[in-house]
Amino acid sequence: MTDNHTKLGGAPYAVSESGIRQLLGEGWRLEAECIESAAERHSNIFGRWAVRIVAPDESIARYLTTTRNIMEMRLFKTTNGLISFMDGLGVAGPRVPMRKGEIFVQNLSGPEAE
């Protein structure tokens, strides 16, 4: 199920996973945004999180989209899913925002972090 918050108004504000990797190499900043506040259920923490990447001059922010539809934001429904994705991008110690509207900057490990 999607709502207005998960639909992107135009492709310039969308980015694929491979696009995120490329932009990280160009100095863009990676962030996690809480779309729906987190709650614990069945020994897991559920909510909705988006991943976005911000230009070095902060003039542009692009949201990760699904592979099926470039106009639909990819949302993570568990902290496990978000952390696993961030780890795959090389994030050192992923920070997970827990309340709706919070946005946390992610720190990369390796040469990009120095």
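**Exercise 1. A linked network**

Identify which residues are linked with E31 in a network of salt bridges, and place E31 and R52 in the fold of this predicted model.

*Solution.*
Step 1. The network links R29, E31, R52 and E58.
Step 2. Take the pair E31 and R52. Their closest N and O atoms are 2.5 Å apart.
Step 3. Place them on strands. E31 lies in strand β2 and R52 in strand β3, so the salt bridge ties together parts that are 21 residues apart in sequence.
Step 4. Check burial. E31 and R52 are both buried.
Step 5. Look at E58, another member of the network. E58 sits in the hairpin of β3 and β4, which has 6 residues between the strands. Its phi is positive, near 65 degrees.

**Exercise 2. Salt bridges across the fold**

State how many salt bridges a search of the whole structure finds, then analyse the pair E17 and R74.

*Solution.*
Step 1. The search returns 7 salt bridges.
Step 2. E17 and R74 form one, with the closest N and O atoms 3.8 Å apart.
Step 3. E17 belongs to helix α1, whereas R74 is in the loop between β4 (61-64) and β5 (75-78), so this pair connects parts 57 residues apart in sequence.
Step 4. Assign exposure. E17 has 32% relative accessibility, so it counts as partly exposed. R74, at 28%, is also partly exposed.

**Exercise 3. One pair, two kinds of link**

Show how E36 and R48 are related through their side chains and through strand pairing.

*Solution.*
Step 1. Side chains: E36 and R48 meet in a salt bridge, 3.5 Å from N to O.
Step 2. Location: E36 is in strand β2 and R48 in strand β3, so the pair ties together parts that are 12 residues apart in sequence.
Step 3. Pairing: R48 is the bridge partner of E36 in β3.
Step 4. Accessibility: E36 is partly exposed at 39%. R48 is buried at 16%, because the cut-off for buried is under 20%.

**Exercise 4. The neighbours of β3**

Determine which strands pair with β3 and how enclosed β3 is.

*Solution.*
Step 1. β2 and β3 run antiparallel, joined by 10 bridges. Their hairpin has 2 residues between the strands, and H42 in this hairpin takes a positive phi near 55 degrees.
Step 2. β5 pairs with β3 in the antiparallel sense over 3 bridges. Here A50 stands opposite L75.
Step 3. β4 also runs antiparallel to β3, with 3 bridges. V54 stands opposite A61 in β4.
Step 4. Count burial. In β3, 8 of the 11 residues are buried, so the strand is largely enclosed by the rest of the structure.

**Exercise 5. Two nonpolar cores**

Describe the largest nonpolar core, follow the contacts of I20, and name residues of the second core.

*Solution.*
Step 1. The largest core has 21 residues. I20, L30, V51, I53, F76, L82 and M86 touch the most other members.
Step 2. At least two core residues come from each of α1 (17-25), β2 (29-41), β3 (44-54) and α2 (79-88).
Step 3. I20 touches V15, L30, V51, I53, L64 and L89, leaving aside residues up to four places away in sequence.
Step 4. A second, separate core holds 5 residues, including I35, A50, Y63 and L75.
Step 5. Connect this to Exercise 4. A50 and L75 belong to the second core, and A50 stands opposite L75 in β5.

How values were computed:
Residues numbered from 1 in each chain as written. Predicted model: local features only at pLDDT ≥ 70, side-chain atom pairs only at ≥ 80, totals over all residues. Heavy atoms only, no water. Core = buried A, V, L, I, M, F, W, Y, C linked by side-chain atoms within 4.5 Å. Buried < 20%, exposed > 50% of the residue type's maximum accessible area, 1.4 Å probe, protein only. Helix = DSSP H or I, 4+ residues; strand = E, 2+ residues; numbered from the N terminus. Contact = heavy atoms within 4.5 Å. Salt bridge = Lys/Arg side-chain N within 4 Å of Asp/Glu carboxyl O. Pairing = 2+ DSSP bridges.
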